[in-house]
Amino acid sequence: MKGIPAIAGVAKINAKKQEFLLTALILGLIYILAFSTRLFSVIRFESVIHEFDPYFNFRSTKYLVSEGFYNFINWFDQMSWYPLGRIVGGTVYPGLMFTAASVYWFLHFFNITIDIRNVCVLLAPLFASNTAMVTYLFAKEIDDSKATGLVAAAMIAIVPGYISRSVAGSFDNEGIAIFALIFTFYTWVKAVKTGALFWSCLCALAYFYMVSAWGGYVFIINLIPMHVLALLFTGRYSNRLYVAYCSFYVMGTILAMQISFVGFQHVQSSEHMVAMGTFGLLQVYVFSLWLKSFIGEALFTSFLRAAIPIVAGTALALAFIGQATGYISPWTGRFYSLLDPTYAKKHIPIIASVSEHQPTTWSSFFFDLHILTFLFPAGIYFCFKKLTDANIFAVLYGITSVYFAGVMVRLMLVLAPISCVLAAVAASQSLRTYMKFVKPRPARISKKAVVEFPVQKEIGLVLVSGVTLMLIFYVFHCTWVTSEAYSSPSIVLAAKQPDGSRIIFDDFREAYWWLRMNTAPDARVMSWWDYGYQITAMANRTVLVDNNTWNNTHISQVGQAMASDEDFAYEIMSKMDVDYVLVIFGGLTGYSSDDINKFLWMVRIGGSTNPDIVETDYYNSRGEFRIDNGGSNTMLNCLMYKLCYYRFGQVYTERGQPSGYDRVRGAEIGNKDFELKYLDEAYTSEHWIVRIYKVNPPENRGG
């Protein structure tokens with residue numbers, strides 16, 4: 001009999017060990033899944049950097065690795081924004097570059113030789129796996145359940161809304177920023193729960209990493225104060241909250257100011273004033289509690305009546321003086337765009353021209369989140385059902401991220417993690433509830449202890465099966481979207497032929513390599529700003545504008561040149577020392593993201609500084625934007641039109657269609673027989689996607 005307790009204890013310990021091992025095994029599989037599901041592009045194409053911004057990040061990382069930390073911080077890039085140049089160290093969030101360089105140096109320290117390009121290509125999948133792990137911890141804190149954490153980790157490992165920015169080759173800031181975002185939120189929730197200085201300091205360090213990585217840190221520095229205010233106004237204040245926020249804000253602010261690109265913005269810009277105001281309000285609130293304990297209830301009430309108007313008036317006066325003197329900088333155009341989606345189109349067309357800044361459609365929500373769209377509100381319901389400090393934070397995060405994701409499609413990336421967490425709460429709570437009806441009742445539990453109703457087992461089976469089927473469909477949907485939609489690098493295009501085989505269009509790299517090998521090292525290339533980073537990184541040539549878009553006037557000059565006739569455009573190009581002009585054209589292959597489809601944005605941006613460029617001039621009398629015989633005379637004779645359609649009138653693109661038939665616009669071009677006066681065709685890629693023209697030097701004067 002004495003051995004029975006010992007055997008029971010061993011069984012209990014073994015059960016705990018089994019749970020730990022099973023949890024570790026599941027997390028390990030999720031880690032591998034999150035990494036491997038992002039490798040479609042590498043398997044199908046090759047180890048290549050995607051999109052546009054990642055090429056600047058890749059070029060900067062190579063410079064950091066080869067030249068070192070101090071040279072990178074002081075790097076003046078003469079190959080961008082000719083003739084202005086760019087101070088790179090003070091105009092970037094360096095976290096991504098330093099992370100990739102650190103991984104590279106770490107591997108080489110152990111004599112693991114790997115090219116820096118491969119480190120950059122695989123960094124986003126690696127951090128996606130890390131994000132799944134911190135999501136497990138975050139969700140476990142929200143629902144106080146390991147099962148919920150595991151479901152959330154599995155969901156975020158494959159959710160398309162996050163995969164879109166973290167596939168192999170997507171070497172962009174968001175690749176590491178979402179990890180920093182969730183880790184900051186996890187440590188914040190732990191800090192509020194425990195009141196421990198350790199978690200508060202760790203939260204500040206995580207926030208510092210986020211600031212170094214992505215401008216989306218502004219979301220954190222506004223959401224956390226909102227959480228503090230919500231706890232204050234709902235009567236949930238505690239000393240733990242005071243320690244957590246004060247430690248986080250002071251240390252986080254000091255650390256964030258060490259990033260050159262942020263600097264004193266953290267205490268001077270309007271986007272950060274909510275955090276500062278909350279810090280001040282918390283001090284006033286704690287002081288009032290301390291004062292109340294000394295002077296009594298009645299006297300304290302009288303004091304409040306006199307003090308509140310004085311404190312509020314002083315705060316408003318300081319805010320007004322700060323705005324009037326310029327100490328507090330106004331909100332940025334991107335911030336106004338989040339409050340009013342039409343603001344950018346009316347006032348800052350350069351922001352509105354970016355596709356990822358457009359409002360999100362309902363179909364995009366389902367495409368990127370699938371069943372999370374329906375489980376998300378259910379998760380909010382379960383959080384309200386059992387309100388805790390952590391659940392209130394999850395609700396605030398969910399509601400604010402839904403709004404911002406609806407305003408700007410890029411911010412779907414911020415919504416995806418909390419959607420996974422709240423969906424996991426809903427799924428695990430539902431399964432936990434209805435599995436009780438399916439499982440047989442243990443004999444030791446009496447019937448009176450359990451509420452029973454007719455066909456409860458059948459209802460339980462239906463609901464459990466329904467949730468299971470939804471999760472299975474979610475896996476299939478995520479895998480399909482990842483494979484078909486988010487694993488094709490924009491630098492290498494692919495299409496399916498009628499027989500099902502794939503055809504590869506490698507025109508971009510082909511053209512950039514031609515530029516690199518056949519033009520002078522100091523040649524200056526004019527293109528629309530979308531392609532600036534790729535030209536400097538792959539062709540190693542100087543560009544007038546690039547994706548940094550910091551100088552609207554400079555970009556407007558390029559827009560004016562593209563939108564004007566050849567004579568006026570030549571004057572602009574001569575003033576800006578342009579040697580070559582590069583345009584993207586998809587009329588032959590059906591590539592719709594070409595410069596003709598972007599042309600109206602060039603007109604709007606060019607017209608923002610030159611009133612002679614009027615958008616309506618490029619529409620016909622019926623208000624239509626056309627490239628056929630029905631197009632306006634201004635459109636059919638502008639530089640962009642001529643550079644895209646030069647010699648295209650001699651080409652047959654489809655059977656049964658006339659020569660010069662544009663497959664993207666579905667029309668025969670209206671101006672076929674023209675010659676270029678000031679430019680010569682230098683290079684056209686195999687499928688006509690990239691066309692490069694040499695600008696002729698001015699004629700000699702005299703004679």
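1. Rings of Phe, Tyr and Trp (the six-membered ring for Trp) are paired here if their centres lie within 6.5 Å; planes under 30 degrees apart count as stacked, over 60 as edge-to-face and the rest as tilted. By that criterion, 51 aromatic pairs turn up in a search of the whole structure. The model is predicted, so local features need pLDDT of at least 70 and side-chain atom pairs count only at pLDDT 80 or more, while totals for chains, interfaces and linings use all residues. Residues are numbered from 1 along each chain as its sequence is written, and side-chain values use heavy atoms, with hydrogens and water left out.

2. One aromatic pair is made by F56 and Y533, which are stacked at 4.8 Å centre to centre with 20 degrees between the planes. F56 belongs to helix α3 (residues 53-67) and Y533 to helix α25 (residues 532-539), so the pair ties together parts that are 477 residues apart in sequence. Helices (H or I, at least four residues) and strands (E, at least two) are DSSP runs, numbered from the N terminus. Accessibility is given in three classes: buried means under 20% relative accessible area, exposed over 50%, and partly exposed in between (1.4 Å probe, protein chains only). F56 counts as buried, at 5% relative accessibility, and Y533 is buried with a relative accessible area of 5%.

3. F287 and W290 form a tilted pair, with 5.8 Å centre to centre and 35 degrees between the planes. These two residues are three apart in helix α14 (residues 273-295), so about one helical turn separates them. F287 counts as partly exposed, at 45% relative accessibility.

4. Ring pairs also join F138, F185, F219, F393, Y397, Y403 and F404 into a cluster. F138 appears again in the largest nonpolar core, which has 202 residues and in which F138 and W188 touch the most other members. A nonpolar core is a set of buried Ala, Val, Leu, Ile, Met, Phe, Trp, Tyr and Cys residues joined through side-chain atoms within 4.5 Å. In soluble globular proteins, nonpolar side chains tend to be buried together.

5. What does W188 contact beyond its neighbours within four places in sequence? The partners are C203, I224, H227, V228, L241, A244, Y245, F248 and F393, where contact means heavy atoms within 4.5 Å. F393 is also a member of the ring cluster.

6. The whole structure has one cavity of 30 Å³ or more, and about 40 Å³ of space lies in the largest cavity. On a 1 Å grid over the protein atoms alone, a cavity is a set of points where a 1.4 Å probe fits but cannot get out, and a pocket is an open set with protein on both sides within 12 Å along at least five of seven lines; lining residues have an atom within 4 Å of a point. Grid points are joined across faces, edges and corners, and a volume is the space filled by probe spheres set on the points.

7. I142, D143, F382, C383, K386, N391, V425 and Q429 line the largest cavity. At least two lining residues come from each of α6 (116-143), α20 (372-385) and α22 (412-438). The lining has four nonpolar, two polar and two charged residues, with Ala, Val, Leu, Ile, Met, Phe, Trp, Tyr, Cys and Pro counted as nonpolar, Asp, Glu, Lys and Arg as charged, and the others, Gly among them, as polar.

8. The second largest pocket holds about 460 Å³ of space. It is lined by 18 residues, of which Y55, F58, K62, A537 and M538 are the closest to its centre. Helices α3, α24 (507-518) and α25 each supply at least two residues of this lining; α3 and α25 also carry F56 and Y533. By class, the pocket lining divides into eight nonpolar, three polar and seven charged residues.

9. S212 sits in helix α10 (residues 197-213) and is buried, with a relative accessible area of 8%. Leaving aside neighbours within four places in sequence, S212 is in contact with Y93, P94, G95, L96 and I259.

10. Q78 is in the loop between β1 (76-77) and β2 (86-87) and is exposed, at 60% relative accessible area. The C-alpha atoms of Q78 and V543 are separated by 9.3 Å, although the two residues are 465 apart along the chain.
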